[in-house]
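Morning, everyone. I have one structure to walk you through today. Please have the sequence and the model open in front of you.

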Amino acid sequence: MENAKRIDFLDNLRAFIIFLVLVLHAGLPFTTPPFNGWIHDVQAKSPLIGFWVIFLEGPFLMSTMFFLAGYFVLPSLAKKGTSKFLKDKLTMLGIPFLFGVIITSPILASISVLSDGNNYNFFLLCLGFFNPKYFAHYHFWFLGVLIYFILITVLVLNIFKKKISLLPTKSTKPTPIFFVLFILGCIIAHFSIGVLTGNFYGWFTSYPVVFQKTSLPLYIAYYTLGIYAYKRNWFKDGYKPKVLPWTIIYVTSILAYCYTYFIMFMFNPATVPQKLIVSIVYNIAMFSLIQMLLGIFQKFFNGGGAFTKALTQSSFSTYVFHMFPMFLVFYFVRYLPVAFELRLFLDVVLGVSLSWILGFIMRKAPLLRKVL
């Protein structure tokens, strides 16, 4: 996404998160009930896909993406200056976002509607951007929200430019108390919005921005945490998340989340105590997952050769364009007279592989080099 010098393991982690996003999307044709806006597998489904979706929970993955975006925003701004930074960011994020919500998303929604056997005019459906019934951002919602975060960041920094430095100020390793207070704040925000809205997974949808209501404060928190981590030199001054403790916490909390949300409350925590329980285990699992991944990648994947760099450098373009090869694979694989497990395997392997190949090709396209 940028040519600026970066920390290798964080770039590798970002590429891995995008890989998991693709794997998550590859499993959505098999969910019960059917996932809205997707091409759906027409044969038998498995309740195990519910666990697949929970373990690859979208907000879990995207909170990591917001953390990484926050970590790199200040050094990029310091290097480029406000005008060039905004120009580059609005080009790199704004053009794919507009292309996605105006052109790509309506096409995907149209394919989804027609693949379910509905008899509609495809070209009329492609005007779905102007029809609230079919309007959606798909995965481009992340770019839209990130654009707002960046604009707000620049505004705040300009207002308080005499008080806030763009450079790291004080090297401080995070303490357990800091982690506890951060998680507690996320629990309170997540729980409060879940109670007020009555739905942990309800979406706010408008033309300028789309997001999950209960997840927005978490995205703000992790984006801000990324900025704080950069300001405190976390990864350049000896902070190394310990893999084993965070792995134990993550496994314990994600299993508790699966049990409470998936089995006890059947995807619908209705009472206030139920919502509080889900919020607690959900936010502990989210935070511990990010720390676990940071520890793993810092320890084992802090570098890479030419192939690894090619994967990381094309990860953003892969994210932008991946739904086209994904939908192509979904459409044809669902008719194969083979076992459910094999269709799922083909969706994942072919969908992810073709997506990354397309992402690599599109990044090399002359007209797209300055954008991707």
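Start with helix α13, residues 323–333. Its buried residues are Met323, Pro325, Met326, Phe327, Val329, Phe330 and Val333. What covers them? The cover includes α1 (8–27), α4, α12 and α14 (340–364). One caution before I go on: this is a predicted model.

Look at the spacing in that list. An α-helix has 3.6 residues a turn, so residues three or four places apart point the same way. Keep that in mind for the next helix.

That is α6, residues 141–159. It has 19 residues. From first C-alpha to last, α6 reaches 27 Å, close to the 27 Å expected at 1.5 Å a residue.

Which residues of α6 are buried? Early in the helix we find Trp141, Phe142, Leu143, Gly144, Val145, Leu146 and Ile147. Further on come Phe149, Ile150, Thr153, Val154 and Leu157. These buried residues pack against α3 (58–80), α4 (82–115), β1 (203–205), β2 (210–212), α8 and α12 (315–321).

Just ahead of α6 there is a loop, running from α5 (122–125) to α6. Tyrosine 138 sits in that loop. Its phi is positive, about 50°, although it is not a glycine. Is tyrosine 138 buried or exposed? Buried: its relative accessible area is 13%, and the cut-off for buried is under 20%.

Now, pairs of helices. Two packed helices are described by the angle between their axes and the distance between the axes.

First pair: α7, residues 176–197, and α8, residues 216–231. The angle is about 160°, and the axes are 9 Å apart. Angles over 145 degrees count as roughly antiparallel, so that is what we call α7 and α8. The crossing of α7 past α8 is right-handed.

Who meets whom here? From α7 we have Phe178, Phe182, Cys186, Ala189, His190 and Ile193. From α8 come Pro217, Leu218, Ala221, Tyr222, Leu225 and Tyr228. By class, that contact holds 11 nonpolar residues, one polar and no charged.

Stay in this area for a moment. Threonine 214 lies in the loop between β2 and α8. At 0% relative accessibility, threonine 214 is buried. Leaving out residues up to four places away in sequence, it touches His190, Ile193, Gly194, Thr197, Asn199 and Phe200. You have heard two of those names already: His190 and Ile193 are in the α7 side of the helix contact.

After α8 comes another loop, between α8 and α9 (243–264), and asparagine 233 is in it. Asparagine 233 is not a glycine, yet its phi is positive, about 55°. With a relative accessible area of 18%, asparagine 233 is buried.

Second pair: α3 and α10. What angle do they make? About 55°, with axes 10 Å apart. That makes α3 and α10 oblique to each other. Again the crossing is right-handed, α3 past α10.

On the α3 side, the contact uses Pro59, Phe60, Ser63, Thr64 and Phe67. On the α10 side it uses Tyr282, Ala285, Met286, Leu289, Ile290 and Leu294. The classes here are nine nonpolar, two polar and no charged.

Beyond α10 (272–300), the loop to α11 (306–313) holds glycine 303. Glycine 303 is partly exposed, at 23% relative accessibility. Its C-alpha is 5.3 Å from that of aspartate 8, and the two are 295 residues apart along the chain. Skipping residues up to four places away in sequence, glycine 303 touches Asp8, Asn12 and Thr308.

Last stop: two residues in helix α4. Take isoleucine 95, which is in α4. It is partly exposed, at 44% relative accessibility. Isoleucine 95 and leucine 143 are 48 residues apart in sequence, and their C-alpha atoms are 9.8 Å apart. Beyond four places in sequence, isoleucine 95 touches Leu90 and Val371.

The other one is aspartate 88, also in α4. Aspartate 88 is partly exposed too, with a relative accessible area of 24%. How far is it from threonine 260 in space? The answer is 44 Å, C-alpha to C-alpha, with their positions 172 residues apart in sequence.

That's my tour. Thanks for listening.

Note on methods. Residues numbered from 1 in each chain as written. Predicted model: local features only at pLDDT ≥ 70, side-chain atom pairs only at ≥ 80, totals over all residues. Heavy atoms only, no water. Axes fitted to C-alpha atoms, helices over the stretch in contact; angles between N-to-C directions. Helix = DSSP H or I, 4+ residues; strand = E, 2+ residues; numbered from the N terminus. Parallel < 35°, antiparallel > 145°, perpendicular 65-115°, else oblique. Left-handed = near helix turned anticlockwise from the far one by under 90°. Contact = heavy atoms within 4.5 Å. Nonpolar A, V, L, I, M, F, W, Y, C, P; charged D, E, K, R; others polar. Expected span 1.5 Å × (residues − 1). Buried < 20%, exposed > 50% of the residue type's maximum accessible area, 1.4 Å probe, protein only.
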